[in-house]
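Hi,

Here is the structure I promised to pass on. Have a look at it first, and then read my notes on the salt bridges and on one of the interfaces below.

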Protein chains: 6
Amino acid sequence: MERVAIFPGSFDPFTIGHESIVRRALPMFDKVVVMIGVNTNKQSFFKLENKLRWIKQVFKDEPNVDVQSHEGLTVDFCKKVNARYILRGIRTSSDFEYERAIAQVNKKMHPEIESVFILTMPEHTPVNSSIVRDIIRHGGDASQFLPDGLNMEEFNDHED
Amino acid sequence: MERVAIFPGSFDPFTIGHESIVRRALPMFDKVVVMIGVNTNKQSFFKLENKLRWIKQVFKDEPNVDVQSHEGLTVDFCKKVNARYILRGIRTSSDFEYERAIAQVNKKMHPEIESVFILTMPEHTPVNSSIVRDIIRHGGDASQFLPDGLNMEEFNDHED
Amino acid sequence: MERVAIFPGSFDPFTIGHESIVRRALPMFDKVVVMIGVNTNKQSFFKLENKLRWIKQVFKDEPNVDVQSHEGLTVDFCKKVNARYILRGIRTSSDFEYERAIAQVNKKMHPEIESVFILTMPEHTPVNSSIVRDIIRHGGDASQFLPDGLNMEEFNDHED
Amino acid sequence: MERVAIFPGSFDPFTIGHESIVRRALPMFDKVVVMIGVNTNKQSFFKLENKLRWIKQVFKDEPNVDVQSHEGLTVDFCKKVNARYILRGIRTSSDFEYERAIAQVNKKMHPEIESVFILTMPEHTPVNSSIVRDIIRHGGDASQFLPDGLNMEEFNDHED
Amino acid sequence: MERVAIFPGSFDPFTIGHESIVRRALPMFDKVVVMIGVNTNKQSFFKLENKLRWIKQVFKDEPNVDVQSHEGLTVDFCKKVNARYILRGIRTSSDFEYERAIAQVNKKMHPEIESVFILTMPEHTPVNSSIVRDIIRHGGDASQFLPDGLNMEEFNDHED
Amino acid sequence: MERVAIFPGSFDPFTIGHESIVRRALPMFDKVVVMIGVNTNKQSFFKLENKLRWIKQVFKDEPNVDVQSHEGLTVDFCKKVNARYILRGIRTSSDFEYERAIAQVNKKMHPEIESVFILTMPEHTPVNSSIVRDIIRHGGDASQFLPDGLNMEEFNDHED
């Protein structure tokens, strides 16, 4: 049976930390589906269409990575793409407690779905989308925290 | 002197975790008053009148449990109902740090009021109102995280 | 039914932090039994007989405080003294995680026994027996971290 | 070379905890510039002009303290005032993880700028602007958490 | 290529928490090797031969689980059994920080080896070997925290 | 007045993380004294004379760094070398809580001494002496976690 994992997040924006998690997880799974969560209650800084294009661009040479967006419960997306694994990266102990609650509730509701965690590389620990967003919003240069090969000009196309 | 505790929260919604805390605390106190905090600055997902009815329904056979709503400082409610104890459940270490600051400030302002903590049962640790709300908002079945005997249909009556 | 709580610890030594927890908990319970745990596997710095005398001295005017020593499981001591509550103070989030595991295992084995927590006063947060012991071992003056009315000379009577 | 530190924050409001950090840091630096961060995306409870006046009033006898406001990246403000140090107080381990990410990203972008931390005094640990704001909003008396010598009447001049 | 994971630990003793981690991880890997770490510097409570027999007994019907002991660096054992994954369960945020340091150092020294984490089930969160050992040492009944089908009499065969 | 800081630790061994903290702190102080704490109750893995030689070697070109050993309370050493600052690096939130207690007790006993913290660089976060020691004990190559220019052969000269 094929081992499919989803990698859900708001990716606002997708950072080198996210990229690293996906690349390191690739040997463990037959396929990794990056799921851009759409939350109608929370304004996104970058447009969904940009996020989709950027992440696809990052993994354009990885046939085992797929990128999709989804609105609704993460476990419903797992069923849609036949994934049995939810992949998440953890940086800090606050991340951990947040992830643990969600993973345990998901497990309780859908025992067949397993959440799997890998830890960010030390150098990526401080990189989070909120800080990166803040740098971009104020006109700073965040390119060292973003995947290679993206057109930085495009990052000016954001809300707010 | 009667030992009265209040159990404050936004209960948006009241979960099996909350219910368990109240039931376990009952032998310690002569009376437990569940206080639904009303925060005019923060939109509630469920209506106050529904919260009140649901929690009263859960404890309808417990003469030592009272349910009220309150807008304002928690310590002021303590005085109103002659309570000397503020009861709180703690699940995680992030909960702990948040609760500690509030309890210590309350103690500083009102030394006669004591905050008392019990820890959630392990199986309730991941259950928090925010996750339950998210499940309900997206049409999932959260009934296993809610007290028995409630009419689940009613949970469709919410904001957003 | 009488509400009896035990307050277990190694109290090596008993600090102003411990004293404060007992005094604040007294109104909640009809009796608080301070239980000095004896661990045959771990060397104690102060002698058991000294610990017993010091703690009894601290509460000599409190008829509702009893002081005893115990070797073995804490829950067995609860049964011996008819206590239904285990009282603990928490200072930090590391304390919290340690206490949570013990409290939840105790609850699982003896559902009728409840662990109850209060948080130390802010000014007592850094005071722990290990640091106090270290000061005494190196000849420093730790009297401000110890209960009033003790004969400080006696603290020279220790192992090591 | 002059050692200049900035002390950035939203100070909504400036508490005795903040005051204590600045006073304790003064001997370490030749100058400390309190920087009131202006975040156009987040509503402030107190008006900027009030914050500026209050903090200047607190340090009116300290020639080595300067008070300014700034909108934008903190590191840009460092350059503007020739500061090589960013001073921050830490109260809790959640504070710590938040501060660590920001400090490490700043260091990565501007290796010549160092973030320096001192820990709040134990009695100030529970004092945070959010709790103080909540007390003021509901008409409680928060004066014991605010610097001496301020006109408390003025604190009624706030948003919301 | 076969996906082999090792599950290292001192297992002093192996609990239902450990068992659950291995069973949940089995679908993710082609083989899981339980590695009982031998630390000549730290006295083990249970004898190595007993640990080996117990864990083999637990997984006697699982052809994809192997049980071995190892003295030395965990990464050396990975090479010995051709494992590319180190599997660990995490219960609490203290666990997390401990595991993160080890995983990141291992990754730095052997980039081809990946540490993979799953979170314990909520009901297993408080179960740790140290607490279980303490119960057994004092003659309590720890059978509910140990895998089914073991001969409890045997647990009397321990050091100390 | 000269700003002197001490940097205390057991340095068993001194790692690249320690080295980085000292180098980054140098511009803040006129002098940094590395204090190797001698704890007669706890066996050291490396010999004191080796630790002294190694650390002196690391900073042989830094006239503002001094290296000494000390047995007893850290604050007594501060007085001996006329230091008003205790410098510490923090890596994780467990580090933080441990450091906070010690710093706050020191401040309480000697208000004129200030503990000052800087955060390790992200890539040094997982590097701690205990893990490095473990690698060396088992014959692994820990040189990438140790300061440049040391003779690695010498690290075979250790206890145990």
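Quick one to start with: is Glu19(A) buried or exposed? Bear in mind that this is a predicted model. Glu19(A) comes out as buried, because its relative accessible area is 14% and the cut-off for buried is under 20%. Its salt-bridge partner is Arg23(A), with 2.9 Å from N to O. Arg23(A) is partly exposed, at 34% relative accessible area. The two sit four residues apart, about one turn, in helix H1 (residues 16-25) of chain A.

That pair is one of many: the count over all chains is 66 salt bridges. As a general point, side chains of opposite charge can pair when their charged atoms come close.

Here are two others I looked at.

Across chains, Arg3(E) bridges to Asp30(A) at 3.3 Å, N to O. Arg3(E) lies in the segment before strand S1 (4-9) of chain E, while Asp30(A) is in the loop between H1 and strand S2 (31-37) of chain A, so this pair joins two chains. Arg3(E) is buried, with a relative accessible area of 11%, whereas Asp30(A) is partly exposed at 28%.

Within chain B, Glu99(B) and Arg88(B) form a salt bridge with an N to O distance of 2.5 Å. Glu99(B) belongs to helix H4 (residues 93-109) and Arg88(B) to strand S4 (residues 85-90), so the bridge ties together parts that are 11 residues apart in sequence. Glu99(B) is buried too, at 7% relative accessibility.

There is also a network: Asp12(A), Lys51(A) and Arg133(A) are linked by salt bridges that share partners.

Now the interface between chains A and D. Here 16 residues of chain A are in contact with 11 residues of chain D. About 1,200 Å² is buried between the two chains, and carbon and sulfur atoms give 64% of that. On the chain A side, Pro126(A), Ile131(A) and His138(A) lose the most area to chain D, together 38% of what that side buries.

How many salt bridges are there between chain A and chain D? The count is zero. What you do get is three residue pairs in polar contact, both residues being at pLDDT 80 or more. Helix H4 (93-109) and helix H5 (129-137) of chain A are the elements that give two or more residues to this side, and H5(A) has the largest share, with four residues. By class, the chain A side has four nonpolar, eight polar and four charged residues.

Cheers

Conventions
Residues are numbered from 1 along each chain as its sequence is written. Chains are lettered from A and ligands numbered from 1 in the order in which they are written. This is a predicted model: local features need pLDDT of at least 70, side-chain atom pairs count only at pLDDT 80 or more; totals for chains, interfaces and linings use all residues. Side-chain values use heavy atoms; hydrogens and water are left out. A salt bridge is a side-chain nitrogen of Lys or Arg within 4 Å of a carboxyl oxygen of Asp or Glu. Buried means under 20% relative accessible area, exposed over 50%, partly exposed in between (1.4 Å probe, protein chains only). Contact means heavy atoms within 4.5 Å. Buried area is the accessible area (1.4 Å probe) that two parts lose on being put together, summed over both. A polar contact is a pair of N or O atoms within 3.5 Å; within protein, one must be able to donate a hydrogen and the other to accept it, and residues adjacent in sequence count only if both atoms are side-chain atoms. Ala, Val, Leu, Ile, Met, Phe, Trp, Tyr, Cys and Pro count as nonpolar, Asp, Glu, Lys and Arg as charged, and the others, Gly among them, as polar.
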